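Me: I am new to this structure and would like a close look at one part of it. Please begin at one small spot and then explain what surrounds it.

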Amino acid sequence: MIGVVDYGAGNLRSLENALAAVGLPSRRVSRPGVLSRCSRLVLPGVGHFGAAAAALQSSGMAAALQTWVRSNRPFLGICLGLQLLFEASDEAPGASGLGVWPGRCRPFDADCLKVPHMGWRTVHMSTGPEIPAAYFVHSYYVPIDAGPRQWDWRGTARYGVEFLAAGRSGALTGCQFHPEKSGPRGLDFLKEVLSC
Amino acid sequence: MLMKRIIPCLDVKDGRVVKGVRFQGLRDGGDPVELARRYYADGADELVFLDITAGLEGRRTVGELVAKTARTVFVPLTVGGGICSVADARRLLRSGCDKVAVNTAAVRRPELLSELADGFGRQCVVLAVDALRTETGYRVVVDAGRTVTELELTDWLRRGQALGVGEILLTVINADGRQEGYDLAGLRQAGAVCRVPVIASGGMGTAAHMVDAVAAGADALLAASVFHYGRYTVRSLKAELSRRGVEVRPC
């Protein structure tokens with residue numbers, strides 16, 4: 001059973017629909033006590049880094065997720081869920097992310113670029129074929145010098161700057177794009193990441 | 001390059017897809033869920049549902065259509081029409097759409113835009129603007145094309161962005177439904193003041209019209225009739241755009 005972490009933000013329905021479409025049953029989890037019923041976790045996310053970090057802290061989920069990840073159990077962070085794996089974000093300077101990967105999220109330069117970065121873009125993979133088009137919608141990004149010392153694989157994309165589009169290290173995977181909104185290729189990605 | 005998004009629009013009235021010519025003379029174009037699935041399978045990058053039903057009962061129908069569509073369609077879904085409050089938006093977002101488009105209600109009460117942006121994030125909030133080209137410039141029109149306001153287009157676009165919208169959906173009424181091309185001057189004016197993506201809407205008849213709109217600054221291209229009545233499939237349109245040098249998502 002896949003646990004979809006519900007911290008009161010965003011639209012979980014799309015992700016649940018996508019998981020169902022690739023034959024992966026899921027349930028929502030909002031308290032640490034129910035994590036033991038899950039074999040893998042997805043931390044979705046649309047919204048504000050500070051609000052999400054605060055919600056995860058107050059429900060006790062932040063500590064539970066850190067324990068989960070440190071025990072190398074399968075975990076996927078999507079969009080804000082990827083950013084929350086890092087230590088901090090310029091979006092909410094005082095707030096702490098889960099800090100399982102080192103680094104800080106930065107804003108796109110709104111003086112030169114249309115922000116949010118919204119639309120379809122190619123993801124270039126460190127190993128294997130590129131993802132020809134994935135759907136992004138975000139105003140902050142993870143710089144490519146952030147993250148674990150060793151990636152199993154990593155995908156990058158460019159919008160003014162090169163940024164982290166996806167990456168995997170051990171059982172931990174994150175993607176900045178929305179696989180649940182990236183058409184058939186996005187569903188394949190979800191299946192690849194969550195079935196293994 | 002960010003790929004130019006191709007967005008079929010489904011105008012829904014009483015649970016059926018219709019498309020007006022200059023907002024009048026509606027024709028029946030089919031079952032919305034079935035059409036949405038077809039456009040998705042064909043390579044649509046996003047879908048927009050515009051609910052043109054009057055009254056609360058019909059709006060509930062659109063929520064159900066969206067919920068049904070979202071089960072099998074995995075690209076962003078936007079819903080517009082009759083959204084007047086954070087509660088209206090929340091109901092639709094819960095049913096499975098990703099963005100809400102607001103038009104008349106935002107003109108009447110601009111704070112709605114900041115309430116929506118605060119509640120759901122600006123990436124969820126699309127400001128739909130209907131504009132009328134007049135001798136003295138572009139005026140914002142509300143009430144589904146019936147009421148011309150004193151608001152000047154670029155003033156309203158600046159204000160909307162300041163209030164936190166994440167995207168603009170611009171329809172120039174003079175061009176809408178005529179299939180003679182988007183209103184390029186309106187698009188250029190919008191592009192000059194917009195720091196968020198602009199979706200061109202109203203007037204698409206051929207792929208060349210989309211090429212022109214991209215040159216005028218559009219980030220995404222919305223069309224309805226050409227798809228509903230089969231002049232193009234999304235796939236054939238993208239193939240032609242690609243040949244003409246517009247980068248689109250391969251399908």
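Reply: A good place to begin is Gly23(A), which follows α1(A) and has a positive phi, near 75°. The model is predicted, so local features are described only where pLDDT is at least 70 and side-chain atom pairs only at pLDDT 80 or more, while totals for chains, interfaces and linings use all residues. Residues are numbered from 1 along each chain as its sequence is written, chains are lettered from A and ligands numbered from 1 in the order in which they are written, and side-chain values use heavy atoms, with hydrogens and water left out.

The helix before this glycine covers residues 13-21 of chain A, and its buried residues are Ser14(A), Leu15(A), Glu16(A), Asn17(A), Ala18(A) and Leu19(A). Here buried means under 20% relative accessible area, exposed means over 50%, and partly exposed lies in between (1.4 Å probe, protein chains only). Chain A contains five helices and 12 strands, where helices (H or I, at least four residues) and strands (E, at least two) are DSSP runs numbered from the N terminus. Its radius of gyration is 15 Å, close to the 16 Å that the globule rule gives for 196 residues, so chain A is as compact as a globular protein of that length; the radius is taken over C-alpha atoms, and the rule is 2.2 Å times the number of residues to the power 0.38. The C-alpha trace of chain A spans about 45 × 40 × 30 Å along its principal axes, and 60% of its 196 residues are buried. Among the contacts in chain A (heavy atoms within 4.5 Å) between residues at least 6 apart in sequence, 63% join residues at least 24 apart.

Chain B, for its part, has 10 helices and 12 strands. A compact globule of 251 residues would have a radius of gyration near 18 Å, and the 16 Å of chain B agrees with this. Of the 251 residues in chain B, 61% are buried, and its C-alpha atoms fill a box of roughly 45 × 40 × 35 Å along the principal axes.

A salt bridge is counted where a side-chain nitrogen of Lys or Arg lies within 4 Å of a carboxyl oxygen of Asp or Glu, and by this rule there are 22 over all chains. In one of them, Glu46(B) meets Arg5(B), with the closest N and O atoms 2.6 Å apart. Glu46(B) lies in the loop between α1 (32-42) and β4 (47-51) of chain B, and Arg5(B) in strand β1 (residues 5-13) of chain B, so the pair ties together parts that are 41 residues apart in sequence. Both Glu46(B) and Arg5(B) are buried.

Glu167(B) and Lys99(B) form another salt bridge, 2.9 Å from N to O. Since Glu167(B) is in strand β10 (residues 167-172) and Lys99(B) in strand β6 (residues 99-102) of chain B, this pair ties together parts 68 residues apart in sequence. Glu167(B) and Lys99(B) are also both buried.

Asp143(B) forms a salt bridge with Arg108(B), its closest N and O atoms being 2.9 Å apart. This pair links distant parts of the chain, 35 residues apart, with Asp143(B) in the loop between β8 (137-142) and β9 (147-152) and Arg108(B) in helix α4 (residues 104-108) of chain B. Arg108(B) is exposed, with a relative accessible area of 56%. Through shared partners, salt bridges join Arg5(B), Glu46(B), Lys99(B) and Glu167(B) into one network.
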